[in-house]
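Work through the exercises below with the sequence and the structure at hand, and try each task before reading its solution.

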Amino acid sequence: GGTGMTGTWDRDTAGAFVEALFAKHHGEIYAYLVRMLRDPELAADLTQDAFVKAYRAYDTLQKDENARAWLYQIAHRVALDDFRRRKIVRFIPFTGETKGSSPSAERLAMDVRLSGPLERAMAKIPERQRAALLLAEVHDLTGLELSAALGISHVAARALLTRARES
């Protein structure tokens with residue numbers, strides 16, 4: 001029961017907390033979304049989107065939980081929502097070139113590029129496997145962080161990774 005905010009949720013606290021998270025993690029969250037979506041401008045929009053959602057969902061974060069894994073979970077959902085919205089799997093290799101974007105976006109896009117063979121492998125596997133592989137291999141999430149980020153059990157996350165690595 002009860003309407004709206006719980007007593008623990010405080011707008012200022014949430015704002016400050018998410019701002020601190022943004023300062024610390026927005027680069028890696030952006031990098032993750034670029035690698036998932038292979039579209040730097042879309043990734044930039046969805047990074048903003050993920051942090052807005054994090055602010056709104058602040059009360060769902062258990063204080064002892066890993067905030068980084070929680071952020072990846074939100075970013076992952078944002079990416080999957082976007083895939084679902086477009087309902088198209090694009091096997092276009094991401095070249096790092098974007099029209100009309102600032103040099104910093106270009107440079108960031110170059111920084112987050114994966115090697116050619118890895119990029120091609122990533123394009124061929126299902127999104128959830130791609131996510132698992134990126135989070136574990138490129139973003140160094142631990143097994144527990146990975147399962148939290150993907151919203152699945154530790155065992156399921158390990159199985160997903162194994163399948164992705166075999167692909």
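**Exercise 1.** Identify which residues of helix α6 are buried, and find what covers them.

Solution. In this predicted model, a residue counts as buried when its relative accessible area is under 20%. In α6, the residues that meet this cut-off are Gln 129, Arg 130, Ala 131, Ala 132, Leu 133, Leu 134, Leu 135 and Ala 136. The cover over these buried residues includes α1, α3, α5 (116–124), α7 and α8 (154–166).

**Exercise 2.** Check whether the length of helix α6 (residues 127–138) agrees with the span expected for its residues.

Solution. The expected span is 1.5 Å times one less than the number of residues, so the 12 residues of α6 should span 16 Å. The end C-alpha atoms of α6 are 15 Å apart, which agrees. Just after α6, Asp 140 takes a positive phi of about 55°.

**Exercise 3.** Classify the aromatic pair formed by Tyr 32 and Tyr 72, and work out which parts of the chain the pair ties together.

Solution. Ring centres must lie within 6.5 Å to pair, and planes over 60 degrees apart count as edge-to-face. The model holds three aromatic pairs by this rule. One of them joins Tyr 32 and Tyr 72, at 5.6 Å centre to centre with 80° between the planes, and is therefore edge-to-face. Tyr 32 lies in helix α1 (residues 11–37) and Tyr 72 in helix α3 (residues 67–86), so the pair ties together parts that are 40 residues apart in sequence. Tyr 32 is buried at 0% relative accessibility, and Tyr 72 is likewise buried at 0%.

Note on methods: Residues are numbered from 1 along each chain as its sequence is written. This is a predicted model: local features need pLDDT of at least 70, side-chain atom pairs count only at pLDDT 80 or more; totals for chains, interfaces and linings use all residues. Side-chain values use heavy atoms; hydrogens and water are left out. Rings of Phe, Tyr and Trp (its six-membered ring) pair if their centres lie within 6.5 Å; planes under 30 degrees apart count as stacked, over 60 as edge-to-face and the rest as tilted. Helices (H or I, at least four residues) and strands (E, at least two) are DSSP runs, numbered from the N terminus. Buried means under 20% relative accessible area, exposed over 50%, partly exposed in between (1.4 Å probe, protein chains only). Contact means heavy atoms within 4.5 Å.
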